[in-house]
Amino acid sequence: MPQLGLLPRRAWAALLSQLLRPPCASCTRAVRCHSQGTRDLSPQQMVVREKILDLVVSCFKRHGAKGMDTPAFELKEMLTEKYGEDSGLMYDLKDQGGELLSLRYDLTVPFARYLAMNKVKKMKRYHVGKVWRRESPTIVQGRYREFCQCDFDIAGQFDPMIPDAECLKIMCEILNGLQLGDFLIKVNDRRIVDGMFAVCGVPESKFRTICSSIDKLDKMAWKDVRHEMVAKKGLAPEVADRIGDYVRCHGGESLVKQMFQDPRLSQNKQALEGLGDLKLLFEYLTLFGIAKKISFDLSLARGLDYYTGVIYEAVLLHTPTQAGEEPLSVGSVAAGGRYDGLVGMFDPKGHKVPCVGLSIGVERIFNIVEQRMKTFGEKVRTTETQVLVATPHKNFLHERLKLIAELWDAGIKAEMLYKNNPKLLTQLHYCESTGIPLVVIVGEQELKEGVVKIRSVASREEVAIKRENLVAEIQKRLSES
């Protein structure tokens, strides 16, 4: 399968134009198909999505995670003030009985609520589920109002940076497994971000709102972010300029060492704690063999309020075709970080459970994989049917029903056409069009001789076998294919 990072520039342009197109752009119906920011998935799309989810979940399980689920909606009071400026994007449900409810905005806050409510102090879990955000439904870079998240989290008190390093290793395993092309994982620490704000002169009351602005640097140019901080949020221009000096810095472990020597940042206790953890993190990432995929990036802020330590975000890179060109980022496909205080916000006594986790951007990845398949003309089977039970003669429905029941009872995936007297050519065409590899044929002659024929759709070879050996022969052929 071709890798995304190896696509030519013209193919990239076509792919990105598809991603930027709003849903139902080609729909000519007078009535809108469905709510903006949502979409239906065809059987072909579901096959692609399920393959992506299977790969992601198998990686989570390989690392010892247990599956869990939470309700699609929560008490509104449980969700408010957990997301900072993004709280305004929550979907509130109409009061129908005294409870004010909201659809879940992510899978992290419900997980923290679950830990506090059940007094769980240690857990490694994964969760795949839909979340809802009242964002502008432009579908830029795979953004929807309803979308699927795949989360992995480690809760509990452990030695520093060991769980955090494993989360980054999981990200690398999944992105390598999906073969999306070259990627980079940006890391930072919220304590470094806050320390940077402090030494630059940002008032503490503006930390979170300025953090939200910095988080937009992957979507907006620095001059636009600077304008927002100064004109809209009242930050002094010279303070914004000092922040600008830092957020342009990115590199590897050497940059961590360099920041230890920074005359301003090295005077801030919070920043030094964050830098110390990042130094240890890079040691573990080197041992995992993934340090080259990680970049310490001071522009990474992660706007959600609940992050307290290490934060990270994975982006895909367009491999340049011209020497000396900068890699072209095509958007975030995974993100996460440490949130040590969130569980305590739900606990009546404020007991904290340190947590770190990651979320895989399924919608973004799905869009990219789908477009890649279209670019290269790859076809998808929408069913897993292994055998079609067929007949060349009339009045053989009862025999087909008995045969297919025997196959189903043996765990074999089988189909038959829902007609009393289907034509054999129609049945064979159905196999070819749907990718069914084997046909079991029963007719008058076969019934007299106590045999059935097994036909290979690909080679068109037929062989007669005893009726009682049918299941064993099919299972043998399927195991060899």
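**Figure 1. Glu446, Lys453, Arg455 and Glu462 are joined in a network of salt bridges.** This close-up, like the others here, shows a predicted model. One link in the network to look for is the salt bridge between the side chains of Glu462 and Lys453, with 4.0 Å from N to O. How exposed are these two partners, Glu462 and Lys453? Glu462 has a relative accessibility of 40%, so it counts as partly exposed. Lys453, at 29% relative accessibility, counts as partly exposed too. In general, side chains of opposite charge can pair when their charged atoms come close.

**Figure 2. Strand 15 and strand 16 make a hairpin.** Strand 15 covers residues 451-456 and strand 16 covers residues 462-466. The two strands pair in the antiparallel sense, over five bridges. To find your place in this pairing, start from Val452, which stands opposite Ile465 in strand 16. Five residues lie between the two strands, and Arg460 in the turn has a positive phi of about 65°.

**Figure 3. An open sheet is formed by five strands.** Which order do the strands follow? Reading across the sheet, the order is 13-12-14-15-16, and the pairing is mixed. Strand 13 and strand 16 are the edge strands, each pairing on one side only. As general background, strands of a sheet pair through backbone hydrogen bonds, either parallel or antiparallel.

**Figure 4. Glu415 is a buried residue without a salt bridge.** You will find Glu415 in strand 13, which spans residues 414-415. The nearest side chain of opposite charge belongs to Arg381, and it is 6.2 Å away. Why is there no salt bridge to Arg381? A salt bridge needs a side-chain nitrogen of Lys or Arg within 4 Å of a carboxyl oxygen of Asp or Glu, so Arg381, at 6.2 Å, does not qualify. Glu415 does have a polar partner: its side chain and that of Thr385 are joined by a polar contact of 2.6 Å. Setting aside neighbours within four places in sequence, the residues in contact with Glu415 include Thr383, Val387, Leu388, Ile404, Tyr430 and Ile436.

**Figure 5. Asp153 and Arg125 form a salt bridge between distant parts of the chain.** The closest N and O atoms of the pair are 2.3 Å apart. Asp153 sits in strand 5 (residues 146-155) and Arg125 in strand 4 (residues 123-132), with the two residues 28 residues apart. Both Asp153 and Arg125 are buried.

**Figure 6. Arg191 and Asp189 meet in a salt bridge through their side chains.** The N to O distance here is 2.8 Å. Are these partners buried or exposed? Arg191 is buried, and Asp189 is buried as well. For the whole model, the count comes to 30 salt bridges.

**Figure 7. Helix 10 has three buried residues to look for: Leu255, Val256 and Met259.** The helix runs over residues 253-260. Seen down the axis of helix 10, these buried residues fall within an arc of 105°, so they line one face of the helix. What do they pack against? Their partners are helix 9 (237-247), strand 7 (250-251), helix 11 (269-288) and strand 8 (294-297).

Definitions and conventions. Residues are numbered from 1 along each chain as its sequence is written. This is a predicted model: local features need pLDDT of at least 70, side-chain atom pairs count only at pLDDT 80 or more; totals for chains, interfaces and linings use all residues. Side-chain values use heavy atoms; hydrogens and water are left out. Buried means under 20% relative accessible area, exposed over 50%, partly exposed in between (1.4 Å probe, protein chains only). Helices (H or I, at least four residues) and strands (E, at least two) are DSSP runs, numbered from the N terminus. The arc is that of the directions from the helix axis to the C-beta atoms. Contact means heavy atoms within 4.5 Å. Lys and Arg count as positive and Asp and Glu as negative; His and the chain ends are not counted. A polar contact is a pair of N or O atoms within 3.5 Å; within protein, one must be able to donate a hydrogen and the other to accept it, and residues adjacent in sequence count only if both atoms are side-chain atoms. Two strands pair if DSSP finds at least two bridges between them.
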